[in-house]
Amino acid sequence: MAWVLIVASLVVLWVASLCKILYTSSPPSRNSFLTTGGAFQKRNVLLVVAHPDDESMFFSPTISYITSRGHNLHILCLSIGDADGKGNIRKEELYQACAILKVPLQQVKTLDYPELQDGFGKVWNHTLLAKIIEGEINSHGIDLIITFDRYGVSGHCNHCDVHYGVRKLLQDTPQGNIEAWELMPCSTQVK
Ligand SMILES: *[C@@H]1O[C@H](CO)[C@@H](O)[C@H](O)[C@H]1NC(C)=O
């Protein structure tokens with residue numbers, strides 16, 4: 001059983017090292033890493049990603065951390081990842097991954113806007129992104145957003161645009177109690 005505890009602690013440490021607070025309108029200490037000194041406070045969390053598989057490649061430890069602590073997680077995937085014409089398959093894979101990651105499927109949303117298509121040359125409009133994400137926040141009472149850092153974790157421009165869309169939303173429409181975390185690659189964290 002000891003190895004289970006060791007693995008669990010490593011996952012928690014890894015998640016802790018990956019996340020940093022991107023923006024918060026309240027003191028970061030208040031709800032640091034979703035734990036409070038006193039009573040359990042359930043958070044409504046929105047994970048914003050660009051393509052199906054981002055959730056598994058970059059955020060699965062974060063997702064497990066959040067759901068295992070009883071918080072309510074929504075995932076917004078801004079495209080079906082159709083760069084190679086496999087968007088419909090990738091979208092299905094996202095739902096399969098979410099079933100394994102224990103995210104209720106009715107809380108997973110995939111969009112397919114003509115302006116937000118998967119691809120290296122594609123520039124995603126930050127104002128449009130901010131508007132879409134704001135809609136999700138309002139319909140689910142979101143109080144914590146998690147997304148990529150400004151480097152997009154892996155450097156993909158669609159990931160970077162998603163970061164700037166979230167940043168724009170937080171800057172243009174100060175959302176009372178919304179906190180945001182950005183995921184950074186370990187190499188950036190060490191600097
Ligand atoms: C970006 O999106 C906003 C909101 O949908 C729109 O008003 C604006 O014209 C768009 N900008 C460009 C350059 O397409």
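## Long-range contacts, salt bridges and a ligand site in a predicted model

Of the contacts in the chain with a separation of 6 or more, 78% are accounted for by residues 24 or more positions apart. The model described here is predicted. Its chain has 191 residues, of which buried residues make up 46%. About 9,500 Å² of the chain is exposed, and carbon and sulfur atoms supply 59% of that area.

The chain contains six helices and six strands. Along the sequence these elements follow the pattern α-β-β-α-β-α-β-α-β-α-β-α.

### Salt bridges

Six salt bridges are present in the structure. Side chains of opposite charge can pair when their charged atoms come close. The table gives three of the pairs, with the N to O separation for each.

| Pair | N to O distance |
|---|---|
| Arginine 90 and aspartate 53 | 3.1 Å |
| Arginine 90 and aspartate 118 | 3.3 Å |
| Lysine 109 and glutamate 136 | 2.7 Å |

Arginine 90 meets aspartate 53 in a salt bridge. This pair links distant parts of the chain: arginine 90 belongs to helix H3 (residues 87-100), while aspartate 53 sits in the loop between strand S2 (44-49) and helix H2 (54-68), 37 residues apart. Arginine 90 counts as buried because its relative accessibility is 18%, under the 20% limit. Aspartate 53 has a relative accessibility of 29% and therefore counts as partly exposed.

Arginine 90 also forms a salt bridge with aspartate 118. Here, too, distant parts of the chain are linked, since aspartate 118 lies in the loop between strand S4 (108-110) and helix H4 (126-140), 28 residues from arginine 90 in helix H3. Both arginine 90 and aspartate 118 are buried.

The salt bridge between lysine 109 and glutamate 136 has its closest N and O atoms 2.7 Å apart. Lysine 109 lies in strand S4 and glutamate 136 in helix H4, so this pair ties together parts that are 27 residues apart in sequence. Lysine 109 counts as partly exposed, at 36% relative accessibility, whereas glutamate 136 is buried, with a relative accessible area of 7%. Elsewhere, Arg43, Asp143 and Glu179 are joined into one network by salt bridges that share partners.

### Surroundings of threonine 147

Threonine 147 is part of strand S5 (residues 144-148). The residue is buried, because its relative accessible area is 1%, under the 20% limit. Apart from neighbours within four places in sequence, threonine 147 is in contact with Val48, Phe59, Val162, His163, Val166, Trp181, Glu182 and Leu183. For one of these, glutamate 182, the C-alpha atom is separated from that of threonine 147 by 5.1 Å, although the two residues are 35 residues apart along the chain. A polar atom of the threonine 147 side chain lies 3.0 Å from the backbone oxygen of valine 48.

### Ligand site

Asn125, Thr127, Leu128 and Lys131 surround the ligand. On its own the ligand has 360 Å² of accessible area, and the protein covers 34% of this. By class, the shell consists of one nonpolar, two polar and one charged residues. A polar side-chain atom of asparagine 125 lies 2.4 Å from an oxygen atom of the ligand.

Methods: Residues are numbered from 1 along each chain as its sequence is written. This is a predicted model: local features need pLDDT of at least 70, side-chain atom pairs count only at pLDDT 80 or more; totals for chains, interfaces and linings use all residues. Side-chain values use heavy atoms; hydrogens and water are left out. A residue is near a molecule or strand if one of its heavy atoms lies within 4 Å of it. A polar contact is a pair of N or O atoms within 3.5 Å; within protein, one must be able to donate a hydrogen and the other to accept it, and residues adjacent in sequence count only if both atoms are side-chain atoms. Accessible areas come from the Shrake-Rupley method with a 1.4 Å probe; for residues, only the protein chains shown count as cover. Ala, Val, Leu, Ile, Met, Phe, Trp, Tyr, Cys and Pro count as nonpolar, Asp, Glu, Lys and Arg as charged, and the others, Gly among them, as polar. Helices (H or I, at least four residues) and strands (E, at least two) are DSSP runs, numbered from the N terminus. Buried means under 20% relative accessible area, exposed over 50%, partly exposed in between (1.4 Å probe, protein chains only). Contact means heavy atoms within 4.5 Å. A salt bridge is a side-chain nitrogen of Lys or Arg within 4 Å of a carboxyl oxygen of Asp or Glu.
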